[in-house]
Amino acid sequence: MKAFVLRSYGSPDVLKLTDLDRPVPAPDEVLVRVRATSVQPFDWHLMRGQPYIARLMGGPLGPRRPKIDILGGDLAGQVEAVGADVTEFGPGDEVYAMSKGNGFAQYACVKAAELAPKPKNLTFEQAAAVPVAANTALVALKDRVQPGTRVLVDGASGGVGTFAVQLAKAFGATVTGVCGSRNVGLVRSIGADEVIDYTKQDFTQLGQRYDLVLDIAGSHSALACRQVLTRKGTYVVIGGKAGRWVQPAGHTMAAVMLSPFVSQTMTMADVIGCTENKRNLMTLTELIETGKVTPVIDRTYSFEEIPEALRYQEEGHASGKVVVTI
């Protein structure tokens, strides 16, 4: 098979299209013929090895090179073969997953416990836009939203943001989305009750209060965002402005460290440590198949164009998801 392999940190040019042996599934794994994947900030953080502080934190960034050779946390495709202990799936089944890499390849082994049937009403490209971004939004919202909850999504037009707006509405919330001028119509079209154009207004200065703030854009400090929360409100960090040394890790840590000293809850959306990815995918499938959530796709690239797709994603201007057909 062919795969884009990452051997060192750097620009998208460090990704090398390489011939590799097709992987063999372990007893609890499924071999998937990958039909589509997506690119996202997590991929280029791994590719760049940034922020540098993360190389010392024991995660997927090693001191001198990444611990993951093949990027791509999203994948959608067809089951090619199953391990000896797998009974839930069979060859030909259409599936999707949030995997620990391997999406930038023609074939990938995925644990059956992390795999879910692909939503029937989505193409492979649409399905590949879902797992990481939608799961992140779901983790941020789950158990925090009920009918009438006032939710603000800062960064409402991006990959996670477009899912967060739709999921919050599906759970009965009143949703305010924050985005730039060119995306106001998009954010309103996916269900936002109010849209704030950050080029014209600063949401922290409008005097409004929210029960839940999802901070994807990282445009303001946690302290500033706290001012728009109700007394018992919740602030969830999902992303932030990228930097070479500390950010967005510093932005996240600042929120968590503030939490013990205020009446509000200041926390982060921990998707990497989530143990319910499969259950979350099943929840998302139900919402997608009933028409309550629809992936928003900005651009689609071919497999050979993955480095170009990463360059575009890294610019930070994508409206919705950037997907790749394999």
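What covers the buried residues of helix 1? The cover includes strand 1 (2-6), strand 2 (15-19), strand 3 (29-39) and helix 9 (306-315). This is a predicted model, and helix 1 is a convenient place to enter it. Helix 1 spans residues 41-48, and its buried residues are Asp43, Trp44, His45, Leu46 and Met47. Just after helix 1 comes Gly49, whose phi is positive, at about 70 degrees.

The next element to follow is a sheet. The sheet is open and has 6 strands in the order 10-9-8-11-12-13, with parallel pairing. Strand 10 and strand 13 stand at the edges; each has a single partner strand, so one side of each is left without a neighbour in the sheet. From one strand to the next, the twist averages 15 degrees. In general, strands of a sheet pair through backbone hydrogen bonds, in either a parallel or an antiparallel way.

At one end of that order, strand 12 (residues 229-237) pairs with strand 13 in the parallel sense over 4 bridges. Val237 has Met268, in strand 13, as its bridge partner. Helix 7 (residues 249-258) packs on the sheet and touches strand 11 (210-215), strand 12 and strand 13. The direction of helix 7 makes about 150 degrees with that of strand 12.

The edge strand 10 (residues 194-197) contains Asp197. Asp197 is buried yet has no salt bridge. The nearest side chain of opposite charge belongs to Lys200 and is 4.1 Å away, whereas a salt bridge requires the charged atoms to be within 4 Å. Leaving aside neighbours within four places in sequence, Asp197 is in contact with Cys179, Gly180, Ser181 and Val184.

Two threonines in loops can be set side by side. Is Thr149 buried or exposed? Thr149 counts as buried because its relative accessibility is 8%, and the cut-off for buried is under 20%. Thr149 sits in the loop between helix 3 (131-141) and strand 8 (150-154). Beyond its neighbours within four places in sequence, Thr149 is in contact with Arg144, Ala173, Thr174 and Asp211. A polar atom of the Thr149 side chain lies 2.9 Å from the backbone oxygen of Gln146. The C-alpha atoms of Thr149 and Glu304 are separated by 44 Å, with the two residues 155 apart along the chain.

Thr275 lies in the loop between strand 13 (265-268) and helix 8 (277-289). Thr275 counts as exposed because its relative accessibility is 76%. Between the C-alpha atoms of Thr275 and Tyr301, 26 residues apart along the chain, the separation is 31 Å.

Note on methods:
Residues are numbered from 1 along each chain as its sequence is written. This is a predicted model: local features need pLDDT of at least 70, side-chain atom pairs count only at pLDDT 80 or more; totals for chains, interfaces and linings use all residues. Side-chain values use heavy atoms; hydrogens and water are left out. Buried means under 20% relative accessible area, exposed over 50%, partly exposed in between (1.4 Å probe, protein chains only). Helices (H or I, at least four residues) and strands (E, at least two) are DSSP runs, numbered from the N terminus. Contact means heavy atoms within 4.5 Å. A polar contact is a pair of N or O atoms within 3.5 Å; within protein, one must be able to donate a hydrogen and the other to accept it, and residues adjacent in sequence count only if both atoms are side-chain atoms. Lys and Arg count as positive and Asp and Glu as negative; His and the chain ends are not counted. Two strands pair if DSSP finds at least two bridges between them. Axes are lines fitted to C-alpha atoms, for helices over the stretch in contact, and angles run from 0 to 180 degrees between N-to-C directions.
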